[in-house]
Every structure is written in C-alpha cells, then in structure tokens.
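Open the model in your viewer and keep the selection tool at hand. The tour goes from one stop to the next, and at each stop you select something and look at what is there.

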Amino acid sequence: TTFTCSIMPIDPVTAELDGICDTDLLLRAEAEVQAGVPHYSKRCDKNKRLAIAVVTVVLLVGVYAACHDISTSKAQTTRWRSFLTLSQINDFGVVDAIYTFGAPSASVPSFPNLQALDGCFPGLRTYTENTLASGVKEVDAASMFIAYPHINAPVLSLHAKNSFYEPCPNNVSATSWPRGGAAHWEMHKERVYEPRLASLSINGTSVDANREPFATAQKMRVLAWRSYETVSQVKAALKRFLPGWLLVDRRVYEEVGLFYNDDPILVVQEQATLDCALVFTGTNNFIEFTSSTTQHTKQYCGFPRVHAGYADKVKSMTEHSLWPEITFKLAKCNRVLCVGHSLGGATCDVFSACANSHRIDDSDYQKLMWHKQTPTLMSELGSDWSEISAVAAVYTYGSPATGMLRNSKSSSGCFPGLRIYTEDVMPGGGKQEDAEGFAANVYSHSLMTSVSLQSKGKSIIQPCQVHTANTPARGFFTYDNWGLHSEKVYMDRLIELALENPTDSLVQTAKNFVPLAFGSTKGIKELKHELQTSLPGWNLVARQELEDKSEPALLAQDASSLDCALVLPGQAASRMNAFSTTFCGLSGVHQAYAQQLNRIAEHMQWSVIRRMLKSCNQVTCVGHGKDGTLCELFAACVNSLATDDHDFQRLKWSSETPKKLPEVMS
C-alpha cells in the first residue's frame, strides 16, 4: 500500500498526526489544505525520503516513524470501519455552526472543520474592540487571553460605529484577530455586545438586521449570556427576546472537591425549524479561572496541540453522567448550533472540532458523539411535570438526621412509611440508643411516623408531628449502643411488633423490607434468597455500583404490582461534616448527605437506575443507617417538583407504562 505523507515545512511538530498518512479519509486531508494549513505533499517512496533526508535527517526519521505507526493504525481502523454502512457513518451528529462571544483561542494550529471542504465552521466568532484617537486599541480581554490562533470561522471585530468582518474561506489570517491591543475586561460584558450587534455597521455600511450570520448571532447572544441564569430567568428571556424558542434541557456539570463549581449546559430548540442551540457557560466562579490559566497543550480527540485547560473541561463534561442526557436531546435536533461566551466559547470550539472530526476510533470522540435521528419537537423543560414520578413511601432503620424535610406531595408535609430506631430503657433510668442513628446528631429528622422499637412489647408508634421529628432526644443519661443497629435486632423486634399489630400495614411492610434495607453488603444469591422469604413475588432487578464499589445501589420489583423498592448507598457520607447547606432548594440540609447524593447523581451509572425507575408503578425508598438518610433527602427532592433546580433535574425520572424488569442473574 502507498501512503501519502504531508510534511509541515515550518513546524512539523504541530502537524496533525492523524492527517499525515491517511488512505481512507481523503476528504479530511483536503479540508485541511483548503483551510490553509500549509502542507507539502510528497510520496513516501525511497527517492523522496532520500531527498528529504538531505534537508534534515531528523525530520525524515520523525515523519517516517509517524507514517509507519499511523499507517498500521489506519489499516486496523479501515478494517473496523468496513463493518460500518454508509448510512451509519452519515448519521453521526455534527455541529452545523458556532456562535461565540469573547472566546479565548484553544489550539495550535487553529481548529479546522473536518466536515467542510474549505475547513471553515459556519457561524460567527465575535469580539469587541475600540480604536482610540491615539490609534491604540482596546480589546475584549478574554478574546486575546491565549496567544494561539482562533478557530477557523467567520470573525467579526465589533466596534461601536464601524466594525470589521472577515468571512470564510478567506480568513486564514483572521484566525489571529485580535492582533494586539490593550486588554479591557469591561468590553467582555453583554451590555457592550448587545447595542453594537443591534446597530451593526461594517466598513462604513449599515448591515440589514436580517443579514446572516449577524441576525443569528444577535439571537445567540441572548442565549450565551442566559446560560449563567436560572431556568425561570432563561424561560422569561426566551419568551421576551426569542419567541418560538424553547428551553428543552438544562444540565449542571458540578465539580465537588476542595472548592465547588457548577456549569449549566443548555439545549434550546426553535419550534419552527427544530434547530437546536447547545450553550456552554463561561467562567462563573473564580476557581474556574484555572481552566484558562492551564495553558500548556496536550493531545485531544486526535488534535495534537489543544489548550490543556479547555480540553480537560470538555473531557470531564463528556465523561459525566449528565452527558448522555444532552446527546439524547441533540439526536432529536435538525441542526445543532454551538454557542458560548468567554470560556463557554472556547469550550464550544474544542467540542465542535472534536464532534466534526468523526474520528470514530478515538476515545474522546466516542464519549461526546451522538447519532442523528428524525428531527422532533421536544417539550419545554418542566412542561411535563405531571409525568414526573415521585417517591411513594420511605422506610428507614436507625438513620441519622439530615434536617426537618417535608413531603411536598402531602398537605401535612409527612412522608408515608416509617422512620424506625431501636432503643432500650435501662433499669433505674436512662436509655441506650441505636448509635448509628443517634451519634453526633444535631439535626432534626424528616416528618414521618416514627417507631421507638423496644423489646418485650414496649415499642411505641409515634404519629407524624413536628415534635416527634426530634426523637430520639439526647438526655443526660442517654448512651450510644452500636449493638442495637444490627439487622437481627431490627428484624426480631419488628416481628414482635407485627404480631402485636397484625392490621397495621406500615409495620408489616417495614418488617418485610428489613433484608433489602440491610442488603447492599450481601451477595446476589443471599439477597435473592432472603427476598423470596420476606418479599415473595419480588425480584432483584438491579445491583448497580455507583459511588462506592463495596456498597451498590439496589432495586427490587414486585412482579405482580410492578412496584419497586430502591436502596441508595450512603455509608460513604462523613457524618462529622455537619455543616448545613442548600440542596434541591431545601435549606438547612446536612452537607455530608447532600454531597453524597450529589456524587451518586453525577455517576454515569445513575442514569441506568433512573431508566429502570420509569418502568416502576410506585417507588419506595428503603435503607438502614446513612442509606436511609439519603432516602429521606432523595424523596424530599424528587417530591418537591422543583423543576428549575438542577439537583431535581438530575434525580427525577418521568413515568412510563409500568413493565416487568428482568431479574439480576446470580
């Protein structure tokens, strides 16, 4: 086989290795040439290699090695691609246009559009600029923050009176715009961009408001800055400025570590055309500034020199559990426009270049790609709230408190189910309490019917009231007893209580759920056997590792009623982290449990559980210890119907026709 080699005449290190020796993607190579990437094409035969060796032996060895390695890789990839039909290749999603505002540059050389013969991305890259009387230029500081060439796209230098525009494909030199000047952060704000785009004049000529790409850029400007706002604010802005456009999804990428950072990602759809805008958020937290200051380059998605901070940003987002939800929506779009302000624009550049590379053998591409489907009008976010399911009941066993949570689905605020804790009254006074649910507690419990589970017929069932949310209360002669937290103690005492209250369905159900509530550390065989005994007719349908491999999430289903019981893994939560926080719009929540539920929601496999919950008739959450605490917080969030809240969006599921789920195999 003969391979065509392209050699960079100035800086061969910056050559895109994926295009050096390419026998099956000639269109890509042509796109790179048309985009202005300087190549000299030469045959890799013996004579040419000798000729090149006269110029530089080092260059020859490097290129020959690259050609050899890549040709071998390409041969393997070509065999793999041979199994793909033309229709399968053609349905890979693409970014049809980009609209960025004050975006830093992100790669060396500039990103080409590998789905266009001229290598250019449709759309518009916009930055603001002033020319002072002295001739000195003031420039949007973010647009000149990184000293790389910008993405290969039409560019608009936006002035107050006379702007400059360079379209593709004649803008190779314009990828270096802006060329110097004084960095001015005030010019990075929407209030500077908005009036200039509204009364645009280029080279002394007023621009018609309907002329493209400026008309769409003015619309996308609204979306770029709305990404920093809440769901209700975005909806209000769309209704006012972009009627006919609907917010169909909003996911929040969260980074929880030493510092907290969140970045909303929006999908907005135009009802008439079914086109969508994918909107990335810019820097909204000082900590996030490190994404821009991490300025060394790295390989990403087959591009050899990409700004490491921006590449890592896209990589971590597309590895997150929220990303399949985004691509699920993108698949239903007619065209996809990528929109972003500042860091959001740089994120767009990296994402769009990778998405349009169609490098199906590259792991970075595989994580972010999507398959196009028939364009479909999607529902506005929150408009289908009546279809969102809820937690029907909660059963907890010796669970620590996380705050006085209320059930928004009930006028009384009480959750159906039982909160159960073991305690013993000691001879001569004083009490011993289940240490797991009692130790280091400074919070109140959720509003539920509670049970003080004691031996020898002394158990007390306490109705759901505000004052019972503070039981068990710590007194001077109250002691922790870890032995009271065992599964056997709970089962034995609930059996006794059930015999005393044969018609109390809550007590009977609580007794039956004990093996499942304590089941996360059990093997599949053992747990299935116990379910057959305590819950005949129920099947274990999921045992899914999430945050902690030693403690999976569990889901069981009644084959008859199709009701489900969910167990969430909470034991990794640090109870000593007792600061309060806000979660899902709920204030005064124990921070450790909020963070643990955050980590679960961020896990890629949480989407598996959510999909299965759609097939359940009713969902009950059960758990012992900190698993039960997560149940209370989970139920309070899901039942809140806080459709504008990103915590709610990550945890909720929409109901479908209940169906029997397959049983987990041993």
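Is strand β15 (residues 303-307) mostly covered or mostly open, and how many of its five residues are buried? Select the strand: β15 is mostly covered, with four of its five residues buried. Keep in mind throughout that this is a predicted model.

**Stop 1: the hairpin**

Leave β15 selected and add strand β14 (residues 297-300). The two strands run antiparallel and are joined by three bridges. For one facing pair, pick Lys 298, which stands opposite Val 306 in β15. Now look at the turn. β14 and β15 form a hairpin, and two residues lie between the strands. Cys 301 is in this turn and has a positive phi of about 55°. As background, most residues other than glycine have a negative phi, and most peptide bonds are trans. The later stops on loops return to both points.

**Stop 2: the whole protein**

Zoom out and show everything. The protein has 20 helices and 28 strands. Of its 666 residues, 56% are buried. The accessible surface comes to about 27700 Å², and carbon and sulfur atoms account for 55% of this area. Consider also the contacts between residues at least 6 apart in sequence: 72% of them join residues at least 24 apart.

**Stop 3: helix α16**

Select residues 524-534, which form helix α16. Which of its residues are buried? They are Leu 527, Lys 528, Glu 530, Leu 531 and Ser 534. Turn the view until you look down the axis of α16: the buried residues fall within an arc of 165°, so they line one face of the helix. An α-helix has 3.6 residues a turn, so residues three or four places apart point the same way. Colour Lys 525, His 529, Gln 532 and Thr 533 next; these residues are exposed, on the other side of α16.

What covers the buried residues of α16? The cover includes two helices, α14 (487-500) and α15 (505-517), and two strands, β23 (538-544) and β24 (553-558).

Keep α15 and α16 in view and hide the rest. Two packed helices are described by the angle between their axes and the distance between the axes. Here the axes of α15 and α16 come within 9 Å and cross at roughly 175°. That angle makes α15 roughly antiparallel to α16. On the α15 side, the contact is made by Asn 512, Pro 515 and Leu 516. On the α16 side, Leu 527, Glu 530, Leu 531 and Ser 534 take part.

**Stop 4: two cis peptide bonds**

Select Glu 212 and Pro 213. The peptide bond from Glu 212 to Pro 213 is cis, with omega near 5°. Pro 213 lies in the loop between β10 (205-206) and α6 (214-226).

Then move to Thr 471 and Pro 472. A cis peptide bond joins these residues too, with omega about 0°. Where is Pro 472 found? Its place is the loop between β21 (460-462) and β22 (478-481).

**Stop 5: two leucines with positive phi**

Select Leu 274, in the loop between β12 (260-270) and β13 (276-280). Its phi is near 65°, a positive value in a residue other than glycine. Is Leu 274 buried or exposed? Leu 274 is buried, with a relative accessible area of 17%.

Go on to Leu 562, which is found in the loop between β24 and β25 (564-567). Leu 562 is not a glycine, yet has a positive phi of about 65°. Leu 562 is buried, at a relative accessible area of 15%.

**Stop 6: Leu 266**

Finish in strand β12, at Leu 266. Leu 266 counts as buried, with 0% relative accessibility. Which residues is Leu 266 in contact with, leaving aside its neighbours within four places in sequence? Among them are Arg 226, Ser 227, Val 234, Leu 247, Asp 249 and Arg 250. The list also includes Ala 277, Leu 278 and Val 279. As a last step, check the distance from Leu 266 to Val 252, which is 14 residues away along the chain: their C-alpha atoms are separated by 8.7 Å.

Key. Residues are numbered from 1 along each chain as its sequence is written. This is a predicted model: local features need pLDDT of at least 70, side-chain atom pairs count only at pLDDT 80 or more; totals for chains, interfaces and linings use all residues. Side-chain values use heavy atoms; hydrogens and water are left out. Buried means under 20% relative accessible area, exposed over 50%, partly exposed in between (1.4 Å probe, protein chains only). The arc is that of the directions from the helix axis to the C-beta atoms. Contact means heavy atoms within 4.5 Å. Accessible areas come from the Shrake-Rupley method with a 1.4 Å probe; for residues, only the protein chains shown count as cover. Two strands pair if DSSP finds at least two bridges between them. Axes are lines fitted to C-alpha atoms, for helices over the stretch in contact, and angles run from 0 to 180 degrees between N-to-C directions. Angles under 35 degrees count as roughly parallel, over 145 as roughly antiparallel, 65 to 115 as roughly perpendicular and the rest as oblique.
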